[in-house]
Amino acid sequence: MLVAFSDFSESPALETDVCITGGGPAGITLAIELARSGREVILVESGGLEPDDDSQELAAGEISGVPYTDLDSVRLRYLGGSTNHWAGQSTPLQPIDFSVRDWVADSGWPIDYNDFAGYLPRAADLCRVSHEEWVLPNNAPTNHLEDAGFRPVLFRFPEPIFGFGEAYRRDLEKTTGLTVILGGHVLGFNSNETGSEVMSVTVGNRAGKRQEIRARTYVLATGGIENARQLLLSGPTESRPDRWPGLGNNHDGVGRYFMEHPAYDLGQVSLTESDDFLSEAYTWIGDDKVRLDLQLDASVQREARILNHSMFLLGSGSRRKSFSERMLSWIKPPDLEFRIRVRLEHAPYADSRVTLSDELDAFGLRRTKLEMRVGDLELATIRHVVESCGRGVGMADLGRLKFDGNSLSEAWIDDAFWQIHHAGGTRMSADPAKGVVDANCKVHGVANLYVAGSSVFPTSGQANPTMNFIALALRLADHLEKGT
Ligand SMILES: Cc1cc2nc3c(=O)[nH]c(=O)nc-3n(C[C@H](O)[C@H](O)[C@H](O)COP(=O)(O)OP(=O)(O)OC[C@H]3O[C@@H](n4cnc5c(N)ncnc54)[C@H](O)[C@@H]3O)c2cc1C
């Protein structure tokens, strides 16, 4: 059932089994899953079915650290969240992303890759991409850079691209036991005095309406940046101690290790003739729309002590051609000159963080401040990938690379662009001093509060986040079904 908060009859305190805050893909997945298992679920979404300025404006915030795009343009606040303008690109995190890498400080997940990967096929279904193995079929174009250590990475796309709000609206309306409140802004989780248990959530609107919701279990799913902010804003409503650090923040971990996915274009590759793998990113395999990129194999990453990444050659247009355009491409000369685009894992840095700004929003709550950092590893990875690409092109006699190594400096980040993937901030760790949630996504030290979304990622790999945190949301649903 979908209900507008403004139409909702106020009651002293609404009670439910599970209260989920945030109706993006993480919240929607979990809400439907839990309601289908017989739980009474309330999902509270700030926006409505369409974009609206009043809700969107609440996403504004302050930026310091490395340059970044305005915070109210990198996320959307209405049902479906940022999938209302995503590209749908999906690929799984890889085993190396879960491992402890001694050259990446604070790397390693507290869960096993296979535990996560068991949920991928259902996550792929929900993202409307094929759940077949993520390997290339035999008839895929040949990767000529294999001798330089590169292996293909397969990305899949839904066709057509869809937003989670629209796509799963019928399930949200019809699933027994599920109530979706639209236009209700979560103003904070109210805890007991010590912050060890959430007692209720306060929902409000600009007309001054307020409603408490009480649940046995609460799940925070307001997005990669907002999840940290919500914890920092939450705590005991009455007699909150001075200098209250926020909920689940006894170790000053909330908001830290924030990660994005930077991408950077450099070098110039001149091919002597067109190469199917290198010059055509988008293709079809059966009914699947896919992209084929390259990455240095995990063994090479270990040896070179670099971050995960993917790369492709960026031509003047061929990389963006649709299938039908490709069929017509015989009438045009093929692209032979390319830039290299490297898309990077962003290493987890404790001082790359979401904090609270001194500016207040329309509800008098402190807005977000994002202070993002990068370090030496990202630069070292770009350099290694480009040099390896040049070596591979030469070894395969495909052409040559022009790249002035001296031109690559710390200033790269000023010309980098971001893929708008928000991760970290409420990272997962078995150790409460090193993370905000445990291996089950429960907030350390808070008995009944969980987090869903990529803010729980300890490291972000090179993969697009959504299908991966949907797999984690399904895993969380399994955990809650057993326990609540
Ligand atoms: C341009 C663009 C392209 C992208 N392309 C891809 C891609 O190709 N592949 C991919 O995997 N990812 C992509 N992403 C990222 C993807 O959109 C996000 O990973 C995903 O939407 C995050 O889901 P979420 O549920 O965690 O949060 P969100 O999508 O941010 O949803 C959070 C929801 O919570 C609501 N909310 C926030 N605060 C409150 C509050 N206080 N009270 C109540 N509700 C609240 C919001 O209104 C929103 O609906 C892209 C993002 C952008 C911006």
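How many of the 484 residues of the protein count as buried? The share is 60%, where buried means under 20% relative accessible area, exposed means over 50%, and partly exposed lies in between (1.4 Å probe, protein chains only). The model is predicted: local features need pLDDT of at least 70, side-chain atom pairs count only at pLDDT 80 or more, and totals for chains, interfaces and linings use all residues. Residues are numbered from 1 along each chain as its sequence is written, and side-chain values use heavy atoms, with hydrogens and water left out.

The overall fold comes next. The protein has 14 helices and 20 strands. These elements are DSSP runs numbered from the N terminus (helices: H or I, at least four residues; strands: E, at least two). Along the principal axes, the C-alpha atoms fill a box of roughly 75 × 45 × 40 Å. The radius of gyration is 23 Å, which agrees with the value near 23 Å for a compact globule of 484 residues. This radius is taken over C-alpha atoms, and the globule rule is 2.2 Å times the number of residues to the power 0.38. Contacts (heavy atoms within 4.5 Å) often span long stretches of chain. Among those between residues at least 6 apart in sequence, 74% join residues at least 24 apart.

The surface was also computed. The accessible surface comes to about 19500 Å², by the Shrake-Rupley method with a 1.4 Å probe; for residues, only the protein chains shown count as cover. Carbon and sulfur atoms account for 47% of this area. The protein carries 47 positive and 68 negative charges. Lys and Arg count as positive and Asp and Glu as negative, while His and the chain ends are not counted. Each charge is placed at NZ of Lys, CZ of Arg, CG of Asp or CD of Glu. The mean positions of the two sets are 1 Å apart.

Helix α8 covers residues 226-233, and eight of its eight residues are buried. Among them are E226, N227 and R229, along with L231, L232 and L233. The buried residues of α8 pack against several strands, including β7 (185-191), β9 (210-220) and β16 (353-360). β17 (366-372) and β20 (449-451) are also among these partners. After α8 comes G235, whose phi is positive, near 155°.

Several loops show notable backbone geometry. A cis peptide bond joins E159 and P160, with omega about 0°. P160 sits in the loop between β5 (150-157) and α6 (164-167). R128 is not glycine, yet its phi is positive, near 60°. R128 belongs to the loop between α5 (120-126) and β5. Its relative accessible area is 43%, so R128 is partly exposed. D252, another residue other than glycine, has a positive phi near 55°. D252 lies in the loop between β10 and β11 (262-271). Its relative accessibility is 37%, so D252 counts as partly exposed.

Helix α12 (residues 376-395) contains E387. E387 is partly exposed, with a relative accessible area of 38%. A148 is 239 residues away along the chain, but the C-alpha atoms of E387 and A148 are separated by 9.8 Å.

Two annotations come from an unreviewed UniProt entry. "FAD-binding" covers residues 15-46. That span is 38% helix and 38% strand, and its end C-alpha atoms lie 19 Å apart. "Glucose-methanol-choline oxidoreductase C-terminal" covers residues 348-473. Here the span is 25% helix and 19% strand, with end C-alpha atoms 22 Å apart. UniProt positions follow the numbering used here, feature names are shortened, and annotations may be inferred rather than shown by experiment.
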